[in-house]
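Hi everyone, thanks for coming. I'd like to walk you through one model today, so let's put it on the screen.

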Amino acid sequence: MKRQLNRRDWAAGGGGGGLLKRRFCGHSVPLRYEVSKTGLGVERAAASMETALYLGALLLLCLLWLRSRGLEYVLVHHRWIFVCLFLLPLSVIFDIYYYLRAWLVFKMCSAPKLHDQRVRGIQAQVREWKKQGGKTHMCTGRPGWLTVSLRVGKYKKTHKNIMINLMDILEVDTKRQIVRVEPLVNMGQVTALLNSIGWTLPVVPELDDLTVGGLIMGTGIESSSHNHGLFQHICQAFELVVADGSLVRCTPTENPDLFYAVPWSCGTLGFLVAAEIKIIPAKKYVKLHYEPVRGLDKICEKFARESKNKGNDFVEGLAYSSEEAVIMTGVLTNEAEADKVNRIGDYWKPWFFKHVEKYLRLNQSGTEYIPLRHYYHRHTRSIFWELQDIIPFGNHPMFRYCLGWMVPPKISLLKLTQGETVRKLYEQHHVVQDMLVPMKYLQKSINAFDNEINVYPLWLCPFILPSQPGMVHPKADEAELYVDIGAYGEPQRKHFEAKASMRQLEKYVRDVHGFQMLYADCYMSRDEFWEMFDGSLYHKLREQLNCSDAFPEVYDKICKAARH
């Protein structure tokens, strides 16, 4: 049956990103003054005054230190001060705003009613651009700092900005097993709503703030991808406003060339305005087994074997060195042993990657039952392990219990406030990359990562890559098992130099017929880029849809060698 979203669904959903689970603790202590206790009252007042003076003096010293050092110095060398005092509270305000907005949308049932009107508004903007001569390329009007990617897109300043305010879940059709959403809907919204009514996505990319549009125009992956493929492979239909202002719907059978060309195109074929995504029945828990493995041969053998096992609903590996890893396998279940339930997403819990490391340190395997939504967003609080570089004491129990409910800071706010100095430091001394390589080259690939950048932990996530048209497909004409190697952190290799080291890694990935996720810094030349990706269908569609004057080529939009 087709299900129109109502107030009860939204109430059960609990909002986006787990906002309702934040807890605020306080005590109200009435003060009573009695004539017979005047002396005690004076003593208390004096103590309070002394405390206030002490705090005031401390604040004054902090301000004087900040003034003497300069704001830039603090942002570079003591960024945690700025993050804890300003960005964490601002992130909470952001969450509250989007939660209240989404709640009002579903309470008033306005999303489906306003969607067509908003799409007509986008079409009108495109037609007006065309009427005025189409002198510059178009792009979405969403500010660059709002995206999860750490890349700063300067093209926003020179291109015609088309405002696209589409951030609502439109309908859930349980008969067709489809959810229809707008492009700015994020994973926090989707899982909150779908899980509350007994459904889920087959692939739920990790971070709450990842949007459907970004996961389609770029890509997305999760530990269930060894069975279901990348995020694009669970999509059933796209709706786009193309260069002439018309609205086009595409599926594997209706406008199939456009359907297969859209993923990885980064918004250079048209503006995505809606998508239909497959849903499956959800269960309450993930029964997760942790297995520490030592020795690179054994790590790769164990990981490949578990990835081929279709009985595993989830497979993931965290490599803490080239010789030590924990391989995790999970199955969905509605039953759980009460003493083994771990609500890993609660704000006072240890960060997930630190929790996993415990099994390696103790050299013992273990099994837990993790609530489904907690599992989906297990790396969210620590932004995988990036937050340890921003707040070094963030996993300390004192911090988790006092301020953990505000974590993580919004990636968009981190970008907005980082400044040019911090941005350059990150660019030269920090790596955020996901490389997709065939599983058969996993051991060789880990060695390549170790030699070039030496960043740990490494995230290992398997996925099946179908043989389908588009920019990304196996070399042979049949599906192949790949693995995403995610490197996030400060390189420990002494000879690391951002451009030279990454170009070496990119060359290796091309040589094994792998792919680089396009959210990250890309140093390839144009020829090297199209050696990595199959541009035949993409360029055919750009010509058919007259995109050359309307949208930049994907290489010009994302590669450092082309950006200006």
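**A capped helix and its surroundings**

Let me start with a detail: Asn186 caps the N-terminal end of helix α6, with a side-chain oxygen 3.0 Å from the backbone nitrogen of Gly188. Please keep in mind that this is a predicted model.

How much of α6, residues 187-196, is buried? The helix is mostly covered, with 8 of its 10 residues buried. Those buried residues are Met187, Gly188, Gln189, Val190, Thr191, Ala192, Leu193 and Leu194. After the helix comes Gly198, which has a positive phi, near 85°.

Now back to the capping residue, because it has a partner worth a look: Asn186 is among the residues touched by Thr211. Setting aside anything up to four places away in sequence, Thr211 touches Arg142, Pro183, Leu184, Val185 and Asn186. Where does Thr211 sit? You'll find Thr211 in the loop between β6 (199-200) and α7 (212-217). And why does Thr211 count as buried? Because its relative accessibility is 11%, and the cut-off for buried is under 20%.

Let's zoom out to the whole chain. There are 21 helices and 18 strands, and of the 564 residues, 55% are buried. If you take contacts between residues at least 6 apart in sequence, 75% of them join residues at least 24 apart.

Next, the nonpolar interior. In soluble globular proteins, nonpolar side chains tend to be buried together. Here, the largest nonpolar core has 157 residues, and those touching the most other members are Leu201, Phe231, Phe238, Phe529 and Phe533. Strand β16, residues 458-465, gives the most to this core, with 7 residues.

Let me pick out Phe529 from that group. Which residues is Phe529 in contact with, leaving aside neighbours within four places in sequence? They are Met471, Leu518, Cys522, Met524, Val554, Tyr555, Ile558 and Cys559.

Finally, the empty space. How many cavities of 30 Å³ or more are there? The count comes to 2. I'll show you the second largest, which holds about 40 Å³ of space. Its lining is made up of Tyr347, Trp351, Arg381, Gly394, Phe399, Arg400, Gly404 and Val407. By class, that gives 4 nonpolar, 2 polar and 2 charged residues.

That's my tour, and I'm happy to rotate the view for anyone who'd like another look.

Terms used. Residues numbered from 1 in each chain as written. Predicted model: local features only at pLDDT ≥ 70, side-chain atom pairs only at ≥ 80, totals over all residues. Heavy atoms only, no water. Core = buried A, V, L, I, M, F, W, Y, C linked by side-chain atoms within 4.5 Å. Buried < 20%, exposed > 50% of the residue type's maximum accessible area, 1.4 Å probe, protein only. Helix = DSSP H or I, 4+ residues; strand = E, 2+ residues; numbered from the N terminus. Contact = heavy atoms within 4.5 Å. Polar contact = N/O pair within 3.5 Å; in protein donor to acceptor, adjacent residues only side chain to side chain. 1 Å grid on protein atoms, 1.4 Å probe; cavity = no way out; pocket = protein on both sides within 12 Å on 5 of 7 lines; lining within 4 Å. Points joined across faces, edges and corners; volume = space filled by probe spheres on them. Nonpolar A, V, L, I, M, F, W, Y, C, P; charged D, E, K, R; others polar.
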